[in-house]
Amino acid sequence: MDTTLPKRILIVDDEAGFTRLLKLTLEGTKRYIVKEENDGSQAIFAARSFHPDLVLLDIVMPKMDGGDVARQISGDPTLKETKIIFLTAIVSQKEAGAGGIGGFPFMAKPVSLAALTDMIEKTLQPPAE
């Protein structure tokens with residue numbers, strides 16, 4: 001029996017329909033507790049109150065883009081260990097090759113549940129010693 005606690009995921013994307021669907025889908029796996037934030041400028045406050053293990057972060061958003069949000073989260077002493085995965089429609093996996101964006105892994109939208117959960121689990125894995 002798996003006794004591990006569900007991982008906490010914050011989704012930051014200005015498309016409310018996308019975040020809602022993704023939240024329901026991820027929570028349906030019973031492996032995650034998910035919070036949505038549709039305003040990039042509020043993401044740091046949502047992260048501070050929710051304390052996510054991982055942030056799924058859109059890049060292009062009004063008010064504050066994903067790169068700025070990632071810098072805020074990484075620069076916050078209470079959140080600096082939080083993992084980030086960019087989700088974007090502006091760059092395809094093929095265009096970027098195997099690299100990440102700003103040192104963070106990314107996935108191109110649209111993304112399948114299987115590929116996303118695989119990336120989430122891989123990103124949340126503790127580093128090998």
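**Exercise 1. Find the salt-bridge partner of K63 in this predicted model, and work out which parts of the chain the pair ties together.**

Solution. Start at the side chain of K63: it forms a salt bridge with D39, and the closest N and O atoms are 3.2 Å apart. That falls inside the cut-off, which is 4 Å. Next, place both residues along the chain. K63 sits in the loop between β3 and α3 (66–75), while D39 belongs to the loop between β2 and α2, so the bridge ties together parts that are 24 residues apart in sequence.

**Exercise 2. Are K63 and D39 buried or exposed?**

Solution. Take the lysine to begin with. K63 has 70% relative accessibility, and because exposed means over 50%, K63 counts as exposed. Now turn to the aspartate. D39 has a relative accessible area of 17%; buried means under 20%, so D39 is buried.

**Exercise 3. Classify R20 and E36, then say where in the chain they lie.**

Solution. Begin with the contact itself: R20 and E36 form a salt bridge, with 3.7 Å between the closest N and O atoms. The pair links distant parts of the chain, R20 being in helix α1 and E36 in strand β2, 16 residues apart. For accessibility, R20 is at 40% and E36 at 21%. Partly exposed covers the range between 20% and 50%, so R20 counts as partly exposed, and so does E36.

**Exercise 4. Trace the salt-bridge network that includes K109.**

Solution. Pick one link and build outwards. K109 and D13 meet through their side chains in a salt bridge of 2.6 Å, N to O. This pair joins the loop between β5 and α5 (113–124), home of K109, to the loop between β1 and α1, home of D13, 96 residues apart. Both K109 and D13 are buried. Widening the view, the network links D13, E15, D58 and K109. For context, a search of the whole structure finds nine salt bridges.

**Exercise 5. In what order do the five strands form the sheet, and which helices pack on β1 and β2?**

Solution. Read along the open sheet: the order is β2-β1-β3-β4-β5, with parallel pairing. The edge strands, each pairing on one side only, are β2 (32–37) and β5 (106–108). Then look at one pairing: six bridges join β1 (residues 7–12) to β2, and I9 has V34 as its bridge partner in β2. Finally, add the helices. Helix α1 (residues 16–27) touches β1, β2, β3 (54–58) and β4 (83–88), its direction making about 170° with that of β2. Helix α2 (residues 43–50) touches β1 and β2, and its direction makes about 170° with that of β1.

How values were computed
Residues are numbered from 1 along each chain as its sequence is written. This is a predicted model: local features need pLDDT of at least 70, side-chain atom pairs count only at pLDDT 80 or more; totals for chains, interfaces and linings use all residues. Side-chain values use heavy atoms; hydrogens and water are left out. Two strands pair if DSSP finds at least two bridges between them. Helices (H or I, at least four residues) and strands (E, at least two) are DSSP runs, numbered from the N terminus. Contact means heavy atoms within 4.5 Å. Axes are lines fitted to C-alpha atoms, for helices over the stretch in contact, and angles run from 0 to 180 degrees between N-to-C directions. Buried means under 20% relative accessible area, exposed over 50%, partly exposed in between (1.4 Å probe, protein chains only).
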